[in-house]
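This report goes through the structure shown here, section by section. It begins with the surroundings of the nucleic acid and then turns to the sheets and a helix.

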Amino acid sequence: MKFATWNVNSLSVRLPQVLDWLAANPVDVLVLQELKLSDDKFPAEALAQAGYLSHSFGQKTYNGVALLSRTAATDIVKNIPGFDDEMARVISGTVGEGDNSVRVVGAYFPNGQEPGSDKFEYKMEWLKGLRSWIKDELVAHPRLLLMGDYNITFDDLDVWDPEGMRDQIHCTDEERYHLNALIALGLSDSYRLFAQPPKSYSWWDYRDAGFRRNRGMRIDHILVSNALKPLVKSCVIDKTPRKNERPSDHAPVVVEIANQTHSSPSS
DNA sequence: ATGGCCATCGCGGATGGA
């Protein structure tokens, strides 16, 4: 099965590009971030025409996430249970049958704006709430994907100008501490399970020809649980939609997970 | 370079994004 995540920076503006991308990349599951629309404006019919069932968790103007799947997703949960939040940032569901079912968590992590700001403090609290919840989710759902726009880089490899960005938003030790604390729960960065091109990024600033000059950061991630890790076949960033007219500033990330075979007992 | 671009709301320019 293939799973993808994409921050579309307004689904109203980007819907034609999402439909084009799904036609060319018929993934099983796609999670979207930054819908920037309320649920009554969610284009469920257009997506259904394209072969996708959808669950949206939106709000006017800001944030908003959705879970799209070719087959029905079950046990939909919105936001982080136990963490009160005015903002629509997380949607979860279970897809696939029996032994091959996967718990998918699609998330739009807070931006944080600037270290020391109120928004940064909110980001830290949100990250604590997420980790506390994901710890329990991994027990309930060993086959779990945590994917979305993390707004955090792992290390210098994820940043076009590591010196210039040192201690700046998305690159601070505090943010990376929380990202690594998620990893410590038993999750792996699927992208780095494979050899990747140098200077691989998932976001490029609209300003100053950031994409053309490849001045970007890798802030969109797909983390896989230990049970799924040996089944990951590939993970790629698809830069193609970033070349569109009026693109999102983010590119989609896609992971392929092999089915259970039942034929080769381990050890 | 104390910025550049884009989307939203709403009709000018502030706010948020990253």
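## Surroundings of DNA strand B

There are 23 residues around DNA strand B, and among these Ser10, Thr61, Asn111, Tyr206 and Arg207 come nearest. Sorted by class, the surface near DNA strand B consists of 9 polar, 8 charged and 6 nonpolar residues. The model is a predicted one.

## The sheet from β3 to β13

Six strands make up an open sheet with mixed pairing, in the order β3-β4-β2-β1-β14-β13. The edges are held by β3 (53–57) and β13 (232–237); each has a single partner strand, so one side of each is left without a neighbour in the sheet. From one strand to the next, the twist averages 10 degrees.

At the β13 edge, the partner is strand β14 (residues 253–257), joined to β13 by 5 bridges, and the two run antiparallel. In one of these pairings, valine 232 has isoleucine 257 of β14 as its bridge partner.

## The sheet from β5 to β9

A further open sheet of 6 strands, again with mixed pairing, has the order β5-β6-β7-β8-β12-β9. Its edge strands, β5 (74–78) and β9 (187–189), each pair on one side only. Neighbouring strands of this sheet are turned against each other by 20 degrees on average, direction ignored.

## Strand β7 and its partners

Within that order, β7 stands between β6 and β8. Strand β6 (residues 90–95) pairs with β7 in the antiparallel sense over 6 bridges. The hairpin of β6 and β7 has 6 residues between the strands, and in it glycine 96 takes a positive phi near 90 degrees. On the other side, β7 and β8 run parallel and are joined by 6 bridges.

Glycine 106 takes part in both pairings: the bridge partner of isoleucine 91 is glycine 106, and the partner of glycine 106 in β8 is methionine 147. Tyrosine 108 has aspartate 149 of β8 as its bridge partner.

How many residues of β7 are buried? The count is 7 of its 7 residues. Both faces of the strand are covered, with Val102, Val104, Gly106 and Tyr108 on one side and Arg103, Val105 and Ala107 on the other.

## Helix α3

Helix α3 (residues 118–140) has 23 residues, which at 1.5 Å a residue should span 33 Å; its end C-alpha atoms are 33 Å apart, so the expected and computed values agree. The buried residues of α3 are Lys123, Trp126, Leu127, Leu130, Ile134 and Glu137. These pack against β7 (102–108), β8 (144–149) and α5 (173–184).

Why does tryptophan 126 count as buried? Because 21 other C-beta atoms lie within 10 Å, and the cut-off for a buried residue is 20 or more. Tryptophan 126 and phenylalanine 83 are 43 residues apart in sequence, yet their C-alpha atoms are 7.6 Å apart in space.

## The loop between β7 and α3

Glutamine 113 is placed in the loop between β7 and α3. With 13 other C-beta atoms within 10 Å, glutamine 113 is partly exposed. Leaving aside residues up to four places away in sequence, glutamine 113 touches Lys119, Phe120 and Ile169. Glutamine 113 is also 9.4 Å from glutamine 168, C-alpha to C-alpha, although the two are 55 residues apart in sequence.

Note on methods. Residues are numbered from 1 along each chain as its sequence is written. Chains are lettered from A and ligands numbered from 1 in the order in which they are written. This is a predicted model: local features need pLDDT of at least 70, side-chain atom pairs count only at pLDDT 80 or more; totals for chains, interfaces and linings use all residues. Helices (H or I, at least four residues) and strands (E, at least two) are DSSP runs, numbered from the N terminus. The expected span of a helix is 1.5 Å times one less than its number of residues. A residue is buried if 20 or more other C-beta atoms lie within 10 Å of its own, exposed if 12 or fewer, and partly exposed in between; C-beta atoms are placed from the backbone. Two residues are in contact if their C-beta atoms, placed from the backbone, lie within 7 Å. Two strands pair if DSSP finds at least two bridges between them. Axes are lines fitted to C-alpha atoms, for helices over the stretch in contact, and angles run from 0 to 180 degrees between N-to-C directions. A residue is near a molecule or strand if its C-beta atom, placed from the backbone, lies within 6 Å of it. Ala, Val, Leu, Ile, Met, Phe, Trp, Tyr, Cys and Pro count as nonpolar, Asp, Glu, Lys and Arg as charged, and the others, Gly among them, as polar.
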